[in-house]
6 protein chains.
Amino acid sequence: SSLSHINSRGEASMVDVSEKTSTVRVATAEAFVTMSQETLSLIELGDHAKGDVLATARIAGIQAAKQTPQLIPLCHPLMLSKVQVDFELQPEQSRVRIQSLCKLTGQTGVEMEALTAVSVAALTLFDMCKAVDKSMVIQGIQVMSKQGGKSGDWSRD
Amino acid sequence: SSLSHINSRGEASMVDVSEKTSTVRVATAEAFVTMSQETLSLIELGDHAKGDVLATARIAGIQAAKQTPQLIPLCHPLMLSKVQVDFELQPEQSRVRIQSLCKLTGQTGVEMEALTAVSVAALTLFDMCKAVDKSMVIQGIQVMSKQGGKSGDWSRD
Amino acid sequence: SSLSHINSRGEASMVDVSEKTSTVRVATAEAFVTMSQETLSLIELGDHAKGDVLATARIAGIQAAKQTPQLIPLCHPLMLSKVQVDFELQPEQSRVRIQSLCKLTGQTGVEMEALTAVSVAALTLFDMCKAVDKSMVIQGIQVMSKQGGKSGDWSRD
Amino acid sequence: SSLSHINSRGEASMVDVSEKTSTVRVATAEAFVTMSQETLSLIELGDHAKGDVLATARIAGIQAAKQTPQLIPLCHPLMLSKVQVDFELQPEQSRVRIQSLCKLTGQTGVEMEALTAVSVAALTLFDMCKAVDKSMVIQGIQVMSKQGGKSGDWSRD
Amino acid sequence: SSLSHINSRGEASMVDVSEKTSTVRVATAEAFVTMSQETLSLIELGDHAKGDVLATARIAGIQAAKQTPQLIPLCHPLMLSKVQVDFELQPEQSRVRIQSLCKLTGQTGVEMEALTAVSVAALTLFDMCKAVDKSMVIQGIQVMSKQGGKSGDWSRD
Amino acid sequence: SSLSHINSRGEASMVDVSEKTSTVRVATAEAFVTMSQETLSLIELGDHAKGDVLATARIAGIQAAKQTPQLIPLCHPLMLSKVQVDFELQPEQSRVRIQSLCKLTGQTGVEMEALTAVSVAALTLFDMCKAVDKSMVIQGIQVMSKQGGKSGDWSRD
């Protein structure tokens with residue numbers, strides 16, 4: 001068991017995926033933005049405002065998924081066939097839940113794309129609310145499930 | 001108290017900062033990557049490997065800070081005068097702590113740049129360790145302190 | 001009277017603006033997307049759908065304004081202090097009107113940024129409606145007004 | 001008939017193309033830059049100057065076609081196998097006609113790439129002539145033809 | 001024998017590769033950074049420093065290889081399946097040797113990606129040492145070998 | 001004397017320039033592309049072809065100068081006020097000479113921008129000629145002069 005992106009001399013390297021089978025691969029991820037009840041209610045307030053706050057964060061997350069290989073140095077360039085970003089306001093926990101799904105037919109998994117989508121959506125939500133609440137925290141960024149590829153299906157239970 | 005990036009019609013808008021004073025502004029942020037003890041020890045193992053794993057994540061974080069206005073739709077373009085990203089292995093909590101500091105002389109704060117730096121550094125660390133540990137979680141992304149600008153100094157206590 | 005970006009040998013060149021005064025500069029631009037009545041009514045239909053169609057085009061326009069120096073080879077890098085993109089549905093002319101305003105304190109005008117914002121917002125609107133209407137046409141992309149700088153204020157009358 | 005990029009909840013989403021057949025797809029688009037006779041003759045004047053003005057706009061158009069997924073939020077990343085941008089000076093109409101052709105073997109059409117190519121080529125032409133003519137207008141950006149894919153061939157008549 | 005990226009009218013054009021066979025293609029390239037003995041020894045001095053200087057240049061080279069189609073106007077977008085950048089300190093020649101290997105399964109060769117990787121790695125090394133040595137020179141950027149594709153295997157002898 | 005981008009713990013870091021004086025700074029750089037006489041004459045052959053080959057390389061170099069902070073990890077973002085790229089065919093040495101000049105009013109020097117401009121212009125020239133000549137070599141990338149800033153004027157003699 002060793003770090004795949006580090007070669008035997010301890011140097012960073014983009015691993016060779018040219019021998020991997022091209023299969024349909026799906027990954028889902030989630031993140032939470034914890035905020036005050038007051039801030040959360042500003043997002044909820046009014047259909048238009050909510051539309052634009054969440055729509056902006058959604059577009060930012062989708063765009064970021066496509067830019068993953070530019071952001072994460074050892075990620076392979078790939079051609080996502082689908083990206084989806086969803087939000088759920090959870091007033092009882094005083095937070096917003098963000099979920100993403102990324103999909104492609106290719107030689108590498110798309111966990112990093114799914115994680116990047118929720119992370120940048122969370123950062124964008126943070127940006128849009130920071131004038132009223134500097135104390136927000138982004139929590140629980142993690143892969144939820146993964147399908148396709150040699151290592152098979154996996155889901156957090 | 002309202003969302004600064006949403007105008008009175010509920011639409012997203014990049015706020016006008018042309019009247020703000022240009023001052024020295026600093027922001028710091030932190031994030032954690034929680035992982036298994038085994039994964040953490042792989043990062044620690046050997047000077048070179050550690051060098052390249054953390055160096056790669058550091059470079060990714062610094063580069064991401066500079067790309068913040070491309071990632072976060074309503075962030076202003078700005079010219080960072082300093083970006084620093086630091087890592088601390090915390091074996092007792094089975095995690096890596098990531099801290100960033102961003103600085104500029106300008107008209108807008110740099111919290112989003114500091115948050116983006118730690119987020120992308122955390123995602124890069126995740127990427128480099130995911131072959132051995134899919135269950136890692138990125139936690140506690142938050143602004144730690146902020147100096148300069150009209151709203152004055154602020155720090156999480 | 002000659003082309004400012006072409007030197008005396010007929011070669012492209014980014015003109016020297018280092019001697020220009022740094023002043024507040026504003027530019028506005030507009031564009032139209034002409035479409036069938038049926039397509040236009042799909043954009044209008046329901047608050048949410050409208051919100052997300054126009055919000056997506058707005059974000060795309062704002063982001064594109066910031067990327068102008070990467071898109072237009074001889075544009076100077078600059079730091080926009082404000083970008084605004086507005087939409088007006090004009091059912092009588094069977095079209096959407098898009099307007100932008102860009103502002104900065106600097107040494108170069110921001111007409112190209114304002115034009116890029118409306119152009120990419122129009123292209124995004126096109127993309128979101130093309131499944132139902134391939135015949136849309138983007139029309140009338142032009143600068144509406146310009147303030148600041150040596151050449152003084154100007155507006156299309 | 002509905003907007004493909006908006007789901008049933010009215011939210012933006014990048015549609016799933018993973019089940020689509022990979023075929024050769026071609027799209028052509030056009031745009032016009034209307035300008036004064038004096039400006040048009042400056043572009044025509046002399047082989048070198050003309051070369052560089054049009055060559056700069058051509059390169060900008062080709063580069064922009066490749067950046068389409070970064071500019072248009074819900075466009076899929078794709079690998080263009082050919083991009084061509086052509087110019088025709090039309091002194092009788094006092095304008096420049098710009099045409100593009102984009103081609104790939106893949107799962108999605110390339111209309112947006114063809115439209116983005118002519119749009120950015122037109123903006124670049126505008127940028128290079130704006131010192132002598134602020135009143136130019138970009139007109140008639142539209143898809144001219146489309147081949148390949150399930151919806152079959154289409155051309156504007 | 002003629003320039004492939006220039007059509008019969010002398011205009012730049014991205015050549016059509018859609019008829020080319022998709023095969024495994026590999027290219028290697030090298031570059032040298034010549035510097036003073038004193039500068040070279042600063043890179044060598046201490047494991048950590050060396051790690052970070054070379055790790056930073058390596059990451060920059062890998063990232064640049066992925067950005068080649070954005071940098072070189074007529075390069076096709078492509079999906080690299082492997083990028084590797086290696087450094088060798090050559091104290092006798094008072095220089096650092098940089099080598100790269102790029103690989104993909106696709107319709108175009110990857111020489112430009114391999115050349116871009118060594119060039120940007122060399123520029124990054126230059127940047128990190130320029131405070132102590134402005135006189136460094138980057139030398140001998142060239143393709144070393146090329147495998148796959150219609151033109152067959154080739155290597156500099 | 002030590003490496004400015006490496007801190008006392010041997011880690012990469014973007015140095016703080018916020019205390020530096022903002023002055024006019026200029027840097028010039030050069031590079032050579034050595035090629036066969038036959039290849040060189042193809043560039044020379046005919047005004048149009050030459051126009052587009054060199055115009056493409058010039059635009060690529062100018063664009064790359066603006067992207068330097070994205071390419072070179074520890075470079076500061078900055079706002080170039082002028083970029084110029086020139087070519088000189090040197091048939092006696094069977095090579096093309098490339099020169100660049102970058103200028104800004106700011107807190108950091110622009111050597112890296114000037115070097116990046118000539119490097120990417122050279123790579124683009126290589127790309128456009130590689131179908132007829134795989135053996136070209138890029139040579140002698142170096143800073144020629146530097147003005148402004150605390151360290152004063154400097155030129156290679």
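I count a residue as buried when its relative accessible area is under 20%. The model is predicted, and I kept that in mind throughout.

**Entry 1: chain E, strand 1**

I applied the cut-off to strand 1 of chain E, residues 23-34. How many of its 12 residues are buried? I found nine, so by that definition the strand is mostly covered.

Next I looked up the strands that pair with strand 1 of chain E. Strand 3 of chain E, residues 95-106, runs antiparallel to strand 1, and 12 bridges join the two. I picked out one position: Ala31(E) has Ile98(E) as its bridge partner in strand 3. Strand 4 of chain E, residues 137-147, also runs antiparallel to strand 1, here with eight bridges. For this pairing I noted Thr34(E), which stands opposite Val137(E).

A reminder to myself on faces: side chains in a regular strand alternate between the two faces of the sheet.

**Entry 2: chain F, strands 1 to 3**

I turned to chain F. Strand 1 (residues 23-34) pairs with strand 3 (residues 95-106) in the antiparallel sense, over 12 bridges. Within chain F, I located Val24(F) opposite Thr105(F) of strand 3.

Strand 2 of chain F, residues 82-90, is antiparallel to strand 3 as well, over nine bridges. Gln84(F) has Leu101(F) as its bridge partner in strand 3. I then checked the connection. Strands 2 and 3 of chain F form a hairpin, and four residues lie between them. Which residue in the turn has a positive phi? I read off Ser94(F), at about 55°.

**Entry 3: chain B against chain C**

I moved on to the interface. Here 20 residues of chain B contact 16 residues of chain C. Together the two chains bury about 1500 Å², with 53% of that on carbon and sulfur atoms. Which residues of chain B lose the most area to chain C? I list Met14(B), Pro73(B) and Pro77(B), which together make up 33% of what the chain B side buries.

I looked at polar features next. Two salt bridges are counted between chain B and chain C. One of them I traced by side chain: Glu11(B) meets Arg58(C) at 3.5 Å, N to O. I also noted 10 residue pairs in polar contact across this interface. On the side of chain B that touches chain C, I sorted the residues as 13 nonpolar, four polar and three charged.

**Entry 4: chains that do not touch**

I checked two further pairs. Chain B and chain D do not touch, and their nearest C-alpha atoms are 10 Å apart. Chain A and chain F have no contact either; their closest C-alpha atoms lie 10 Å apart.

Methods:
Residues numbered from 1 in each chain as written. Chains lettered and ligands numbered in written order. Predicted model: local features only at pLDDT ≥ 70, side-chain atom pairs only at ≥ 80, totals over all residues. Heavy atoms only, no water. Contact = heavy atoms within 4.5 Å. Buried area = accessible area lost by both parts, 1.4 Å probe. Salt bridge = Lys/Arg side-chain N within 4 Å of Asp/Glu carboxyl O. Polar contact = N/O pair within 3.5 Å; in protein donor to acceptor, adjacent residues only side chain to side chain. Nonpolar A, V, L, I, M, F, W, Y, C, P; charged D, E, K, R; others polar. Pairing = 2+ DSSP bridges. Buried < 20%, exposed > 50% of the residue type's maximum accessible area, 1.4 Å probe, protein only.
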